[in-house]
Amino acid sequence: MDNLKGQPGPECGPGIPLIEIDTNSGFCFGVVTAIEKAEAELERGESLACLGDIVHNASEVERLRLKGLSTITHDDLENLHNSTVLLRAHGEPPTTYGRLRQNNNRIIDATCPVVLRLQQRIKQAYDEARQQVEAGTRSEMPLILIYGKQGHAEVNGLVGQTEGTAVVIQDSGALDGLDLDRDILLYSQTTKSLDGFRNIVEEIGKRKKSGRFEYFDTICRQVATRSEKIKGFAATHDTIIFVSGAKSSNGKVLLEECRKVNPRTYLVTDSSDVRAEWLDGAEKIGICGATSTPAWLMEEVKKKCLEYAG
């Protein structure tokens, strides 16, 4: 599952453009670990189901399906018994674990360690506050805010740590109508942008007139630093081919970062989407992708570019 290094290689020559794969693109370590766990189980010949797509990339999901990995939804859990279920890197709320165990299902937990620590942190803060309210040492529960995408799998898992009481905010406009003078605890989905989080912190600070405000930068740096790195990569190439699945939130963000610095940025889901005219006049072609983009898929896109350029 290691990301392949994007080097020019022997394909380059007179009249052939330099085609490079961004060495910082591809699976983050949480996704790598989840896929390695799935493959290890499948190699033993065991039946394995993943709750939701293991990664937001249809090509990788299909590759693993051919190895025997099935994908199920939360609606399937009621009738699922005595099976082995993999929980992907995004994480799940406590209720999911309860439903699986109730029906004697075996769990392979591939929750990303960064996400797992954040879940534990939110649950501890929520449980402590609730105990204080019950003991009479605190008058009311704090307002727990999660900066993230409404309905995202990771966010659902985070909200679940608070028995569904946390409020998800996608932007500063979501603060309208909230009682910001209560005590506030602010966390972030691990894959959100640092600038967006800082904007939320600043906006709450401006509006808040009383009560405590604590905020926690819980953004994964491996993901957060990719924006600047990928912009640097895009700026040094004539044409960028960005490889990403349609469901990838991270892919949408990084695609726009590329387009900010290089208007000749084109989105593909696989090598069949590449168009020869995109490469016209380009001396340096860059191939990059999201944290959910497998290295082998970027390699296939590179081969297609070489076919057109050769």
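The legends below describe close-up views of a predicted model. In this model, local features need pLDDT of at least 70 and side-chain atom pairs count only at pLDDT 80 or more, while totals for chains, interfaces and linings use all residues. Residues are numbered from 1 along each chain as its sequence is written, and side-chain values use heavy atoms, with hydrogens and water left out.

**View 1. Packing of helix 1 and helix 2.** Helix 1 spans residues 29-43 and helix 2 residues 58-67; helices (H or I, at least four residues) and strands (E, at least two) are DSSP runs, numbered from the N terminus. Their axes come within 10 Å and cross at roughly 20 degrees, where axes are lines fitted to C-alpha atoms, for helices over the stretch in contact, and angles run from 0 to 180 degrees between N-to-C directions. The two helices are therefore roughly parallel to each other (angles under 35 degrees).

**View 2. Residues between helix 1 and helix 2.** Helix 1 contributes Ile35, Glu39 and Leu42, and helix 2 contributes Glu60, Arg63, Leu64 and Lys67 (contact means heavy atoms within 4.5 Å).

**View 3. The open sheet.** Four strands are arranged in the order 3-2-4-5 with parallel pairing; two strands pair if DSSP finds at least two bridges between them. Strand 3 (69-72) and strand 5 (106-109) are the edge strands, each pairing on one side only. Neighbouring strands are turned by 35 degrees against each other on average, direction ignored.

**View 4. Pairing of strand 2 with strand 4.** Strand 2 (residues 48-51) and strand 4 (residues 84-87) pair in the parallel sense over two bridges. Cysteine 50 stands opposite leucine 86 of strand 4.

Methods: Parallel < 35°, antiparallel > 145°, perpendicular 65-115°, else oblique.
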